[in-house]
Amino acid sequence: MLHLLWGAWPQDPVPLPNKSVIFYNVTRVAHIGWGGGDSGAPVFAGNGSPYYAVGMQVAASGSQDSNHVCNAGTSCVMYFTRWSNIEADLGFSLNPITGQ
């Protein structure tokens, strides 16, 4: 479970004090770069062709620079929901395999 304060970025980059969001069944990836607007992007794995999608990014943590890119170095963290969880919620298979 991931519990984050909710900010309405880019309109309000400061988290709202009485609002939060809870994510269940997310996978945490440490030491990874991210930027504002990355939420909803596919997360790929593989070291060759084909790459395969493992989920979709839902959140991140770490301080940001003026371009909304994580500038916390090895403290940058990203969270994603696995395809299997998305498929379970939808009730059907997505088959996100890609080719190069």
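# Reading the sheet, the disulfide and two residues

Student: Is Q57 buried or exposed, and what is its relative accessible area?
Tutor: This is a predicted model. Buried means under 20% relative accessible area. Q57 falls below that cut-off, so Q57 counts as buried, with a relative accessible area of 9%.

Student: Which strand holds Q57?
Tutor: Strand β5 covers residues 52-61. That range takes in Q57, so the place of Q57 is in β5.

Student: Which residues does Q57 touch, leaving out residues up to four places away in sequence?
Tutor: Contact here means heavy atoms within 4.5 Å. With residues up to four places away left out, Q57 touches W34, D38, S39, G40, A41, V43, M78, Y79 and F80.

Student: In what order do the 4 strands of the open sheet lie?
Tutor: The pairing in this sheet is antiparallel. β3 (26-30) and β4 (42-45) are the edge strands, each pairing on one side only. Read across the sheet, the order is β3-β6-β5-β4.

Student: By what angle are neighbouring strands of this sheet turned against each other on average?
Tutor: Direction is ignored for this value. On average, the turn between neighbours in the sheet is 45°.

Student: Which strands does helix α1 touch where it packs on the sheet?
Tutor: Helix α1 spans residues 83-90. Its direction makes about 45° with that of β6. The strands that α1 touches are β5 and β6.

Student: How many bridges join β3 to β6?
Tutor: β6 covers residues 77-82, and β3 and β6 run antiparallel. One facing pair is V29 and M78, the latter in β6. The number of bridges between β3 and β6 is 5.

Student: Over how many bridges do β5 and β6 pair?
Tutor: The sense of this pairing is antiparallel. A60 stands opposite M78 of β6. The bridges between β5 and β6 number 6.

Student: What is the bridge partner of P42 in β5?
Tutor: β4 and β5 are antiparallel and are joined by 4 bridges. In β5, P42 has as its bridge partner M56.

Student: Which residue in the turn of the β4 and β5 hairpin has a positive phi?
Tutor: The hairpin has 6 residues between β4 and β5. The phi in question is about 120°. The residue is G46.

Student: Which residue does C70 join through a disulfide?
Tutor: The structure holds 1 disulfide. The S to S distance is 2.0 Å, which lies within the 2.5 Å cut-off. The partner of C70 is C76.

Student: Is the link of C70 and C76 left-handed or right-handed?
Tutor: Both cysteines, C70 and C76, are buried. The angle about their S-S bond is -100°. The link is left-handed.

Student: Which backbone oxygen does the side chain of H31 reach?
Tutor: H31 lies in the loop between β3 and β4. H31 is exposed, at 58% relative accessible area. Not counting residues up to four places away in sequence, H31 touches T74 and C76. At 2.7 Å, its side chain reaches the backbone oxygen of T74.

Student: What distance separates the C-alpha atoms of H31 and V77?
Tutor: H31 and V77 are 46 residues apart along the chain. Their C-alpha atoms are separated by 5.9 Å.

Student: Which element of the chain has the lowest mean pLDDT?
Tutor: The chain has a mean pLDDT of 80, and 76% of its residues reach 70 or more. Where pLDDT is low, the predicted coordinates should not be read in detail. Among the elements, β6 has the highest mean, 91, while the lowest, 64, belongs to strand β1.

Definitions and conventions:
Residues are numbered from 1 along each chain as its sequence is written. Side-chain values use heavy atoms; hydrogens and water are left out. Buried means under 20% relative accessible area, exposed over 50%, partly exposed in between (1.4 Å probe, protein chains only). Helices (H or I, at least four residues) and strands (E, at least two) are DSSP runs, numbered from the N terminus. Two strands pair if DSSP finds at least two bridges between them. Axes are lines fitted to C-alpha atoms, for helices over the stretch in contact, and angles run from 0 to 180 degrees between N-to-C directions. pLDDT is the predictor's confidence in each residue, from 0 to 100. A polar contact is a pair of N or O atoms within 3.5 Å; within protein, one must be able to donate a hydrogen and the other to accept it, and residues adjacent in sequence count only if both atoms are side-chain atoms.
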